[in-house]
There are 2 protein chains.
Amino acid sequence: MTAPQTAVQAVNPRSGESVGRPVPETTAAQLAGLLAAAADAAAAFGTSEPGTRTALLHALAARLDERTDELAALAEQESGLPLTRLTGEVARTSGQLRLFAEVIEDGGYLEVHADSADPGAVPPQPELRRWLEPAGPVLIFAASNFPFAFSILGGDTASALASGCPVIVKAHPAHPGLSKLVGELASAVLAELDLPAGVFSVIFGDERGVEALRDPRIQAAGFTGSTAGGRFLFDVAAGRPAPIPFYGELGSINPAVVTPAAAAARGEQIAAGFAASMTLGTGQFCTKPGLLFLPAGHGMEQALAAAVGAVAAAPMLNARIRGQFDGGIASLARHDGVRRVSNGDAAVPANGSWAAPALFATTAQAVAADPASLTREYFGPASLMVEYRDAADLHAALAAVEGSLTATVHAEPGDDFDLAGLLGRLRVLAGRVIYNGWPTGVAVAWAMNHGGPWPATTSAAHTSVGATAIRRWLRPVCYQSLPDELLPAGLRAANPWHLPRRVNGVLTEAE
Amino acid sequence: MTAPQTAVQAVNPRSGESVGRPVPETTAAQLAGLLAAAADAAAAFGTSEPGTRTALLHALAARLDERTDELAALAEQESGLPLTRLTGEVARTSGQLRLFAEVIEDGGYLEVHADSADPGAVPPQPELRRWLEPAGPVLIFAASNFPFAFSILGGDTASALASGCPVIVKAHPAHPGLSKLVGELASAVLAELDLPAGVFSVIFGDERGVEALRDPRIQAAGFTGSTAGGRFLFDVAAGRPAPIPFYGELGSINPAVVTPAAAAARGEQIAAGFAASMTLGTGQFCTKPGLLFLPAGHGMEQALAAAVGAVAAAPMLNARIRGQFDGGIASLARHDGVRRVSNGDAAVPANGSWAAPALFATTAQAVAADPASLTREYFGPASLMVEYRDAADLHAALAAVEGSLTATVHAEPGDDFDLAGLLGRLRVLAGRVIYNGWPTGVAVAWAMNHGGPWPATTSAAHTSVGATAIRRWLRPVCYQSLPDELLPAGLRAANPWHLPRRVNGVLTEAE
């Protein structure tokens, strides 16, 4: 946590110059008002008709799309990311809002169950109806590296609003002007739809974020960021008198393994794909492949050095992140078992927070011997190539790797490597296993999983991307023997919301 | 946590005399072996065919049923609970094992998703297949009050084994002989089925339980017990270098509200039902109704005093629990705003750990003014009758009540009380809302929910009873672009496990 501040100033990472006017930190009194408004809005929003929430999500998506050029231009100034990428990210973000509208329309996410009474059961069974209801006001900590998709109206917000939870987003200080603008656009949409202002708000300031997390009105929290920051906030959430779920995505090393057959058949292609993936967004993807396991005698080093070396320096998100990256790779470079493959020191502008890609090399034995140094995530365009002698050597190193969002395998048809054994290890290590591809570029889809064992996420049981991300903001409630007219509308016998239901254990389609 | 001990001795709560020989505490070396065995068994058991796990659950259920008389007799000696109840509880427990076999056969719990590739999406979408996989070795802390249903082969164990997680159960010291016997029966079943011994084991000793919870091989934990004990263990789980989910059911006050119309129409019947519910199992149910809200002028006090007073003293589970109960109701009786309605001091045997039911009375105003004293759960046969003047008075008191497993309403057809407003509050307060019934007797069913906001459970997002309890032990894994033959069997295109699937977002029935 940084020291208290009274305003958040955006800095252009390309030039180091200020962008726009400082955004004032939310005051304690303002926060109290926003928390009260969120709590007041919870019951009506939480029991709103599906159409209320789909209309909100579609309207938010439309507003983002309408303002894409303006938003992407401001994001470029504040984040230093390329304009084309940012334009695409707006589309991804509006698409994500629309996916959750589809999730609402489908209704399966509510997990409706209806059991008939069975007086002969042990113990006797009354009539039961169960579904999921919104947890209540949710606090989202925005990330720096996706100023749209993991920020103010990103996936956490979209899924929480879809679930019927009021949302307070703590803006990331790296793009305060954009956060303020997107928040204002969203609040205007709420007003146009006659929804209470308390359904959505944005706060600024690290201290305010921590205070909000401690507030008893907040019922769950989401976070995407560093392991240190995430651990701090996880501990705050767990340490409350009444703890709440804290769904954090922290750090991930994302190992990629190339079999001998794949290295022989597609060495240059793999080198090019790897270099593109590890440097995408200046290496500031949570799914950046940080470890590339190659078989001894792979013959790919020259291609890798060339591919990584050909990627120009680019601005990192801010000076603090650039400083941490510099420190990280400097310590990696000093490690006895590590050598530098691609220099990455050339043509880095002095102003702003630019960094050049760097590739290092070590052995699987070294990784197994010192995983604390050699399996750490360096947020930025640096990765470690790891040479393994055989499957046992590879497995010993992978056994030392912590939980990860992704794990990747490159293999060939008819590969004689023990892929079943390798995949058996990787599925335990990671939440997404990729074959002959690269982990960056997380599809917003029904089947996506973006999560993994600690420290990839604080709860490997849930995803922060994809349709099922909505499950994080829901809690089951069971109604026993309620007269039909007293049940929540969606649970009534006539099924007015046309929900798929499990009736006495048997799944029935929506009528 | 109690001081370290080298053996656990059962005591008959009826007589205060020892039962059987002391059960030795698990040694640190034994625990290390059991943890290693569980970790070794995780991969094979976690990827086992559904039939392997249904066969295990059915065999465990059959073994319990075969040995019911012997098991119930031993449980009666160690727990002091009535034999008929314990016989029924064995049936409930074997039924619970069979329910989870049904859950496996249904397959919907795996949440299979399959998305086709869509290169035109933003970002481009590869082929994705997602389902839930077991979290890994699970640690279960058994409860004292249900020596079968929430103990060695209870719902936590049944759901975790169904999910494919190896289970280590930390036995409750109140019924060590029974825990040892049930553990031996279960281990024999594993051996008969040629399953690794590491799939299931039982440990004894509080210190060993905490050590196991700290062990990195344990991936999730379940607990049913006191708020103090649960909070301690929750903090241990959250404080690990790599925290794990801790699904604890702690304390619950279970408010019940009677409307003026219901009190007028069915006062005596409600009094009788309440007295039976609050004294069931000597008040040692986590769903015991601890607060009974009655309208001013209810005219039910005499009937309540008579009904509660007519319930004989019965042994509590052990002397420690009896001592805490005595202390709790003594402090309640001393409270300025509280008076005693039913004396409950008569005919309590001197030996053993017997207690007589007690009923106290206060006002909604007093509850709202001092919730810390007046909404505490007293584990045992004591409850507090709370008189309210009007709906506002009732709501002010309910607003001061912490999260609860259940909330109950008694009302009449055409009741002019604002039931919608009342239910709106109760659904936020509790995980199960009951109409014209009582909360004790938790049906083992698809639609059951046994959970609620803190302190009812550590995670209101999950249940510990009913089909969906299995979700606690699972984590999503997504496979991207894997050749069909490298996918886990259940995810392959031919759907050999006949699982219901969501294909490109559309639910499809099992083929």
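Start by selecting helix 2 (residues 50-66) and helix 4 (residues 83-106) of chain A, which pack at an angle of about 170° with their axes 9 Å apart. Helices (H or I, at least four residues) and strands (E, at least two) are DSSP runs, numbered from the N terminus. Axes are lines fitted to C-alpha atoms, for helices over the stretch in contact, and angles run from 0 to 180 degrees between N-to-C directions. Helix 2 of chain A is therefore roughly antiparallel to helix 4 of chain A, a label for angles over 145 degrees (under 35 is roughly parallel, 65 to 115 roughly perpendicular, the rest oblique).

Show the side chains at this contact (heavy atoms within 4.5 Å). From helix 2 of chain A they include Leu57(A), Leu60(A), Ala61(A) and Leu64(A), and from helix 4 of chain A they include Val90(A), Leu97(A), Phe100(A) and Ile104(A). By class, the contact between helix 2 and helix 4 of chain A has eleven nonpolar, four polar and four charged residues. Here Ala, Val, Leu, Ile, Met, Phe, Trp, Tyr, Cys and Pro count as nonpolar, Asp, Glu, Lys and Arg as charged, and the others, Gly among them, as polar.

This is a predicted model: local features need pLDDT of at least 70, side-chain atom pairs count only at pLDDT 80 or more, and totals for chains, interfaces and linings use all residues. Residues are numbered from 1 along each chain as its sequence is written, chains are lettered from A and ligands numbered from 1 in the order in which they are written, and side-chain values use heavy atoms, with hydrogens and water left out.

Stay on helix 2 of chain A and select Arg63(A) and Glu66(A), whose side chains meet in a salt bridge (3.3 Å, N to O). A salt bridge is a side-chain nitrogen of Lys or Arg within 4 Å of a carboxyl oxygen of Asp or Glu. Arg63(A) counts as buried at 17% relative accessibility, whereas Glu66(A) counts as exposed at 57%. Buried means under 20% relative accessible area, exposed over 50%, and partly exposed in between (1.4 Å probe, protein chains only).

Next, select Asp206(A) and Lys170(A), a salt bridge with its closest N and O atoms 2.6 Å apart. Asp206(A) is in helix 7 (residues 206-214) of chain A and Lys170(A) in strand 6 (residues 167-170) of chain A, so the pair ties together parts that are 36 residues apart in sequence. Both Asp206(A) and Lys170(A) are buried.

Now display both chains. The contact takes 72 residues from chain A and 72 residues from chain B. The area buried between the two chains is about 5900 Å², of which carbon and sulfur atoms give 58%; buried area is the accessible area (1.4 Å probe) that two parts lose on being put together, summed over both. Four salt bridges are found across the interface of chain A and chain B. Select Arg502(B) and Asp106(A) for a salt bridge with the closest N and O atoms 3.0 Å apart.

Then pick Gln480(A), in strand 19 (residues 474-480) of chain A. Gln480(A) is buried, with a relative accessible area of 6%. Among the residues that Gln480(A) touches are Pro126(A), Leu128(A), Arg432(B), Tyr435(B) and Trp438(B).

Finish at Tyr388(B), in strand 16 (residues 382-388) of chain B. Tyr388(B) is buried, at 1% relative accessible area. The C-alpha atoms of Tyr388(B) and Pro295(B) are separated by 5.0 Å, although their positions lie 93 residues apart along the chain.

Technical notes: Lists of a residue's contacts leave out its neighbours within four places in sequence.
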